[in-house]
Amino acid sequence: KSVHIVMLTTTLFIALICTTTAIAVGGVVHLAWRQKIGSGQFDRISGMCFDSSGLVTAAVWLQDTVDLSHDEAIGSARVSKFDANGHFLWNVSMEIPFKNVPAIALDKSDSMYVSGPTYDSPWHTAKLDKSGSVEWDIMEDTDRASPPLVAIDTSGNAYFTGMFHDNASTTMGVVKYDANGSSRWTQVFGDHETSPVCSVADSMGNLYVVGNAAILSPTSTTKAINNKRWVIVMAKFGPNGDLLASYQSNSLIGDEYAHACAVDNADHLYIVGHSNTFLNSGPQPSVNATLMRFDQTGAPQWTHHEADLQFTAITADDQRNLYVVGERVAARSNRIVLTKFTSDGNPLWSHVVSSRMHDTVTSILVDSALRRIYMAGVAYAPDGYGHTEAFLVQLVESATEPDSRRLRRRLGWSSEEGIDGNAMVMEGLLVCGFALVGWVVWASLFTANWLRHGNVCETIDPVCEVAHEQTMFAATLAIV
């Protein structure tokens, strides 16, 4: 009887472990809601930010009509606020006629800084108060091209970054304005075909500008077009416009591209992007995602790579954890993968958040206190006309954060699709189902054998009892 009790306890313990594992692993992150923005065929949404009340604020561009004579969508730019359930709380049309979705940033008083191309200027910058009224706006010179970027430092200064044209070359240019719209300085960086992709200010008032540049490259080491290859460049400017640090990636076997950047509360800079590496004689490159960290001085510290993936957006929470969005292109679907990293680049978990073929996430925010993750982007219609649908998504992260990669290695799961919470719940329930069936079968065999042979074996034939115990033990091992 003691052997039976041990075997029964062991079986129930295994079933409990299976159940706990399924619940813990499957509860990493789940979709709370997905909100469609607008009703046109060319709607777009740009960067997001939290206002002082914690509401998500985003710049959107909604189509009004289509100019058939110029094959161009006509619309209006707006600033929208959403509550935690994705509902519109506040929506105001900008007085500036932007022809595309503008970049946006908020200061501590909820004033909004926007910048983008208009029908009158390729580079139009403005400051709006919290109600959406224009406080000041500036149309820049025509030798500056869109799209400009905008960043705000802790003192309320605004930095607008875009492409500057000079004869046949294109460089990155930065213009700093104070809160009253007075220009403080202008700096130009890069001596190649350089285009900025992101800009961010740290707590000391320094500005990081990240972009991509085309440089000359020997054709013997890369399949470059016109003897050029693309590299990632970074420039760090001080509050007075001094160039404090610069960086250029140095891959010799392919192109490297930056897509987004972020700064944590310790002033570390992170850059995400991807590389196209030609390691064989085939026509298609190997695509690898890139995550880089720089220290407070702007010096590179480490680089993390993920195969067959492109990182497109990044943000950091209050604990310096990183939330990185990537796109993994499969045969018939474009999977959006969200990965959480430590500040040292160690992955904590990875989750497939969308398998829609044409989804593209352009920005991400994290509410550290409520563990809510917001992602904005566009879904491209597969009709060949470039139609887009803007969307906003909220994910909720559970308190349990298992090391998915270690668990995946132990269980032998493929890393092709990352850790899909829903699939893992189903696998966990399947395991628990087998454990439950095994326990029922074992209990049935035990009861039947005890009713049939238990008393006889105990009183007449000790050998029979031993054989009975061995049989039940072997059956239990096979079932478990």
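Start by selecting Tyr113, Trp136, Phe160 and Tyr177: in this predicted model, these four residues make up one aromatic cluster. Show their side chains as sticks and colour the rings, and you have a good landmark for the rest of the tour.

**More rings**

Keep the ring colouring on, since the structure has 13 aromatic pairs in total. One of them is Tyr323 with Trp349, so select those two next. Their ring centres lie 6.3 Å apart and the planes meet at 65°, an edge-to-face arrangement. Both numbers are worth reading off in the viewer, because a pair of aromatic rings is described by the distance of the centres and the angle of the planes. Now add the strands to the view: Tyr323 belongs to β23 (residues 322-329) and Trp349 to β25 (residues 347-354), so this pair ties together parts that are 26 residues apart in sequence.

Are these two rings buried or exposed? Tyr323 has a relative accessibility of 2% and therefore counts as buried. Trp349, at 1%, counts as buried too.

One further ring deserves a stop. Select Phe391 together with Arg34, and you will find Arg34 lying over the face of the ring, 4.1 Å from its centre.

**The disulfide**

Next, select Cys198 and Cys261. The structure holds one disulfide, and these two cysteines form it, with 2.2 Å between their sulfur atoms. Which strands does the disulfide join? Cys198 sits in β14 (residues 193-201) and Cys261 in β18 (residues 254-263), so the link ties together parts that are 63 residues apart in sequence. If you define a dihedral about the S-S bond, expect a value of about 140°, which means that the disulfide is right-handed.

Colour by accessibility here. Cys198 is buried, with a relative accessible area of 8%, and Cys261 counts as buried at 12%. While you have cysteines selected, look at Cys49 as well: its relative accessibility is 13%, so Cys49 counts as buried.

**A hairpin to follow**

Select residues 359-367, which form strand β26, and then residues 372-380, which form β27. The two strands pair in the antiparallel sense over eight bridges. To find a matching position across the pair, label Ser363 in one strand and Ala376 in β27, which stand opposite each other.

Where does the hairpin turn show a positive phi? Four residues lie between the strands, and Arg371 takes a positive phi near 55°. Moving back to β26, seven of its nine residues are buried, so this strand is largely enclosed by the rest of the structure. When you inspect side chains along a strand, remember that in a regular strand they alternate between the two faces of the sheet.

**A buried glutamate**

Select Glu306, which is found in strand β21 (residues 300-307). At 12% relative accessibility, Glu306 counts as buried, the cut-off being under 20%. Add Val287 to the selection: the two residues are 19 positions apart along the chain, and their C-alpha atoms are separated by 8.8 Å.

**Zooming out**

Finish by showing the whole chain as a cartoon, where four helices and 28 strands appear. Of its 480 residues, 51% count as buried. Switch to a surface view, and the accessible area comes to about 22700 Å², with 54% of it belonging to carbon and sulfur atoms. If you draw a contact map, note that among contacts with a separation of 6 or more, 47% are between residues 24 or more positions apart.

Methods:
Residues are numbered from 1 along each chain as its sequence is written. This is a predicted model: local features need pLDDT of at least 70, side-chain atom pairs count only at pLDDT 80 or more; totals for chains, interfaces and linings use all residues. Side-chain values use heavy atoms; hydrogens and water are left out. Buried means under 20% relative accessible area, exposed over 50%, partly exposed in between (1.4 Å probe, protein chains only). Two strands pair if DSSP finds at least two bridges between them. Rings of Phe, Tyr and Trp (its six-membered ring) pair if their centres lie within 6.5 Å; planes under 30 degrees apart count as stacked, over 60 as edge-to-face and the rest as tilted. A charge sits over a ring if NZ of Lys or CZ of Arg is within 6 Å of the ring centre and within 35 degrees of the ring normal. A disulfide is a pair of cysteine sulfur atoms within 2.5 Å. Contact means heavy atoms within 4.5 Å. Accessible areas come from the Shrake-Rupley method with a 1.4 Å probe; for residues, only the protein chains shown count as cover.
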